[in-house]
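This report examines a single protein model, with attention to its pockets, its aromatic contacts and selected residues of its backbone. The structure is shown below for reference.

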Amino acid sequence: MVNEQELKETVIFERKKPDVFGDAHPKALLRQIIENGEYLMPLDNQHVVSSDQFDSNTLLQLFRLAAKFESNPQRFSTPLQGKILISAFYEPSTRTRLSFESAWHRLGGDIMSITDRSTTGIAKGESLFDVGEMFNNYGDCVVLRDRDVQSLFEMIESLRIPIINAGNGIDEHPTQAMADLYTIFKWRPELVLKDVPENKKIRIGVIGVPNMMRTVRSLLKIFAIFPQAFSEVIIMHDGSNDEIFDPEQLEQLKKAGLNVTETTKVRKLITELDVIYINSIAWIGDTYTHFQEKIRLDGKTKLKESAIVLHPLARGDELSTELDETQHNWYFAQARGAVFVRMALLTCLVQRAERVIDVI
Ligand code: CP
């Protein structure tokens, strides 16, 4: 018999099962990409530094493998059994660290996690070159986040095991860009086609500053590998920065065939977009800061009915929770899908490539 008090507690703590928005089944994307594991073989034992390293065939096969993992997580239980990941995050992270670690665990591997550089020899003056040399002996793969752009490159000098850039200062965050594009392709699988019909191409607004935000920098580079998918990529910013592109950054995107424009008239344009990718964290002075304060999406923001919102980072005031329970919320699916994209990538980097082909 439960008494009245226990009954009350049961009611209070009963979990309301939330609706999941943006949780497109990956099967449609799987069907759209013809399998060819040969494109994954060159990834064996490679470092992942920049979105620039990838081509369309490799990315599509990675997304196909990610979709397979996502469709049937039970099937691929332990391909990385006996392998050790060194997860070195010298800057705070929720999504990246935990999704990498979740991916590695799901693949059956073990993890050594460092969340504070001051607990390593770095605090005693040890060079990153030497730390990398030590890492070779202790693990099979490194995932590194560091606020300093150069740390990654210093460690690469001595590494013989693959390293993945999980965010190096304002420079790049390539696996976030992969997760972002995977989400867009799951939402609209026809965008992977070589010839996307004009009326199917999407118009996307990227709220952020490409030369100060690593997510935006890597995202634009990865979009430039699939220029046929986008009728327009509009950089939306609050006008507080004189220069929003580094020299050559915009030129590289345009040369690849991406139609990139910019605007500060965010409210006016936002109603016309298919995808809104909102970012607000940038490197300012000597710390990461939320900015773009004048831009905020909430329940009153007029969006196209079919529009989706993506947000790769820790949420600030720029994105109201009012959108969480609407069909526009694909940011939760984006965070979830990152696990499967990272599973696909880790498998290709660490497991011998011919065995990856067996898996797919
Ligand atoms: N996407 C991303 O970099 O988020 P975290 O800072 O939470 O890892």
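The second largest pocket encloses about 310 Å³ of space. Its lining is made up of 15 residues, and those closest to the pocket centre are I33, N57, L60, V192 and K194. As the model is a predicted one, this pocket and the features that follow are computed from predicted coordinates. Helix α3 gives the most to the lining of the second largest pocket, with four residues. Sorted by class, the lining of this pocket holds eight nonpolar, six polar and one charged residues. Where does the second largest pocket lie with respect to domain 1 and domain 2? Domain 1 (27-172 + 338-350) and domain 2 (174-336) both give residues to the lining, so the pocket lies between them.

The largest pocket holds about 400 Å³ of space. It is lined by 25 residues, and E91, P92, R145, R214 and I281 lie nearest its centre. By class, this lining has 11 nonpolar, nine polar and five charged residues. Four elements, α4 (95-106), α8 (214-223), β9 (281-284) and β10 (287-290), each supply at least two residues of the lining. Strand β10 accounts for the largest share, with four residues. Both domains take part here too: at least three lining residues of the largest pocket come from each of domain 1 (27-172 + 338-350) and domain 2 (174-336).

The two pockets are set out side by side in the following table.

| Pocket | Volume | Lining by class |
|---|---|---|
| Largest | About 400 Å³ | 11 nonpolar, nine polar, five charged residues |
| Second largest | About 310 Å³ | Eight nonpolar, six polar, one charged residues |

The aromatic contacts form the next topic. A search of the whole structure finds five aromatic pairs. One of them joins F63 and F185 in an edge-to-face arrangement, with 5.9 Å from centre to centre and 75 degrees between the planes. This pair links distant parts of the chain, since F63 belongs to helix α3 (residues 56-71) and F185 to helix α7 (residues 174-187), 122 residues apart. Are the two partners buried or exposed? F63 has a relative accessibility of 0% and therefore counts as buried. F185 is likewise buried, because its relative accessible area is 0%.

A further pair is formed by F223 and F230, whose ring centres are 4.3 Å apart and whose planes stand at 40 degrees, so the pair is tilted. Both F223 and F230 are buried. Ring pairs also link F63, Y182, F185 and F226 into a cluster.

A contact between a charge and a ring is found at W187. The charged end of R188 sits over the ring of W187, 4.0 Å from the ring centre. W187 also features in a long-range approach to A28: the two residues are 159 residues apart in sequence, yet their C-alpha atoms are 9.1 Å apart in space. A28 is found in helix α2. With a relative accessible area of 30%, A28 is partly exposed, because this value falls between the limits for buried (under 20%) and exposed (over 50%).

Another long-range approach involves S56 and I222, which are 166 residues apart along the chain and whose C-alpha atoms are separated by 9.0 Å. S56 is found in helix α3, the helix that also carries F63. The relative accessibility of S56 is 27%, so S56 counts as partly exposed.

Two residues other than glycine are noted for their backbone angles. Phi of N45 is near 65 degrees, a positive value. N45 is placed in the loop between α2 (27-32) and α3, and its relative accessible area of 41% makes N45 partly exposed. Phi of E248 is near 80 degrees, also a positive value. E248 is found in the loop between β6 (230-236) and α9 (249-255). Why does E248 count as exposed? Its relative accessible area is 62%, and E248 is exposed because the limit for that class is over 50%.

Terms used:
Residues are numbered from 1 along each chain as its sequence is written. This is a predicted model: local features need pLDDT of at least 70, side-chain atom pairs count only at pLDDT 80 or more; totals for chains, interfaces and linings use all residues. Side-chain values use heavy atoms; hydrogens and water are left out. Rings of Phe, Tyr and Trp (its six-membered ring) pair if their centres lie within 6.5 Å; planes under 30 degrees apart count as stacked, over 60 as edge-to-face and the rest as tilted. Buried means under 20% relative accessible area, exposed over 50%, partly exposed in between (1.4 Å probe, protein chains only). A charge sits over a ring if NZ of Lys or CZ of Arg is within 6 Å of the ring centre and within 35 degrees of the ring normal. On a 1 Å grid over the protein atoms alone, a cavity is a set of points where a 1.4 Å probe fits but cannot get out, and a pocket is an open set with protein on both sides within 12 Å along at least five of seven lines; lining residues have an atom within 4 Å of a point. Grid points are joined across faces, edges and corners, and a volume is the space filled by probe spheres set on the points. Ala, Val, Leu, Ile, Met, Phe, Trp, Tyr, Cys and Pro count as nonpolar, Asp, Glu, Lys and Arg as charged, and the others, Gly among them, as polar. Domain bounds come from an automatic or database domain assignment.
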